[in-house]
Structure formats: C-alpha cells, structure tokens
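Biologist: Please take a close look at the sheet in this model, and then at what else can be said about its strands and loops. A plain account for a first-year student will do.

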Amino acid sequence: KIIIGNKTVIDGELLVFNYGGEIIIGDNTYIGEHSRIWSGDSIKIGNNVLISYNVNIIDTNSHEIDYQERAIGYINLLKYGHSKNKGNIITSPIVTEDYVWINFNSIILKGVTIGKGAIIAAGSIVTKDVEPFTMVAGSPAKLIKYL
C-alpha cells in the first residue's frame with residue numbers, strides 16, 4: 001500500500017488506514033521531518049517534489065461527521081484499533097504532480113490536485129486544486145502569482 005521511488009528520502013511519517021488507502025511517491029522526492037502523509041483513499045506524489053518539515057497531507061476526514069457515529073467510532077478505536085470498515089468517513093484522492101514544492105507548516109486536504117511546478121507557501125492550507133506553475137499562499141490558499 002506504500003510505494004516509494006528511487007532516491008527518495010522520507011524523514012516524516014507515512015500512514016495508510018486499515019479501511020483503505022495507498023501512498024505512491026515518485027523518484028527524487030523529499031518528505032521533511034515531522035511531516036505526515038495519511039491515506040484512507042489515495043495519495044500520489046510525483047517526481048522531484050520537495051515537502052518541507054511539519055507538512056500534513058491527509059486525504060480523509062479521519063472520523064465520521066455525525067457526532068454519535070464519531071463517538072462510537074472513537075470508543076471502538078480505543079477498544080479494537082483502527083477499523084477495517086470505512087463506514088461514513090469521507091475520503092478523496094490527493095495528487096501532487098512533479099516538481100512541486102510544499103513549504104513548512106502547510107496542510108493539503110482531501111480531493112486536491114497540485115499542478116506541476118507549483119509552490120505552496122509556508123503555512124498555507126490548500127483546500128482546492130492548484131494550477132501548474134503557480135504560487136499559492138494563505139488560509140485558504142489563494143493564487144499569489146504565476147511562475
């Protein structure tokens with residue numbers, strides 16, 4: 001469920017949930033310290049991607065939206081560990097194309113595609129697709145300039 005390309009360095013954490021998910025990372029890519037890539041669906045990271053430290057890339061809500069389901073889910077997590085049944089947890093794939101740079105303390109949320117050569121500025125929260133060869137910044141991340 002986890003595939004890592006040639007000459008790629010992972011100093012962060014990769015996690016695939018029991019109910020599904022996959023992480024595919026290309027060649028010559030770097031994942032910085034304290035960065036977390038968690039998948040319940042699919043996360044694909046291209047070649048020559050730089051992911052700084054303290055970045056979170058998560059393709060799932062991780063918990064149910066309904067408060068009662070969430071409470072029961074948490075109790076079951078404590079009793080039995082991560083479930084093999086996704087239930088009502090919402091997931092959506094993330095794709096990071098080649099030559100992307102994601103700067104420190106950024107968050108990439110489910111359902112996002114980051115285009116080739118894009119730069120995510122420090123501390124950004126990416127909730128929507130990022131066009132190739134653009135720089136985005138902020139919370140939520142917005143276009144700063146074309147590269």
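Modeller: Two strands count as paired if DSSP finds at least two bridges between them. The model is predicted.

Five strands form an open sheet, in the order β3-β6-β9-β12-β15, and their pairing is parallel. At its edges stand β3 (13–16) and β15 (125–126). Each of these has a single partner strand, so one side of each is left without a neighbour in the sheet.

Within the sheet, β6 (residues 36–39) pairs with β9 (residues 56–58) in the parallel sense, over three bridges. To follow this pairing at the level of residues, start from W38: its bridge partner in β9 is I58.

Now to a loop. N28 sits in the one that joins β4 (23–25) to β5 (30–31). Its relative accessibility is 39%; because buried means under 20% and exposed over 50%, N28 counts as partly exposed. Setting aside neighbours within four places in sequence, N28 is in contact with N6, K7, T8, N48 and V49. E13 is 15 residues away from N28 in sequence, and the two C-alpha atoms are 17 Å apart in space.

Last, a strand outside the loop just described. V9 belongs to strand β2 (residues 9–10), and this residue is also partly exposed, with a relative accessible area of 40%. Together with Y30, L50 and W101, V9 makes a nonpolar surface patch of about 340 Å².

Conventions:
Residues numbered from 1 in each chain as written. Predicted model: local features only at pLDDT ≥ 70, side-chain atom pairs only at ≥ 80, totals over all residues. Heavy atoms only, no water. Patch = residues over 30% accessible without salt bridge, like charges linked within 9 Å, V, L, I, M, F, W, Y side chains within 5 Å. Areas by Shrake-Rupley, 256 points an atom, 1.4 Å probe, with all protein chains shown as cover. Salt bridge = Lys/Arg side-chain N within 4 Å of Asp/Glu carboxyl O. Helix = DSSP H or I, 4+ residues; strand = E, 2+ residues; numbered from the N terminus. Buried < 20%, exposed > 50% of the residue type's maximum accessible area, 1.4 Å probe, protein only. Contact = heavy atoms within 4.5 Å.
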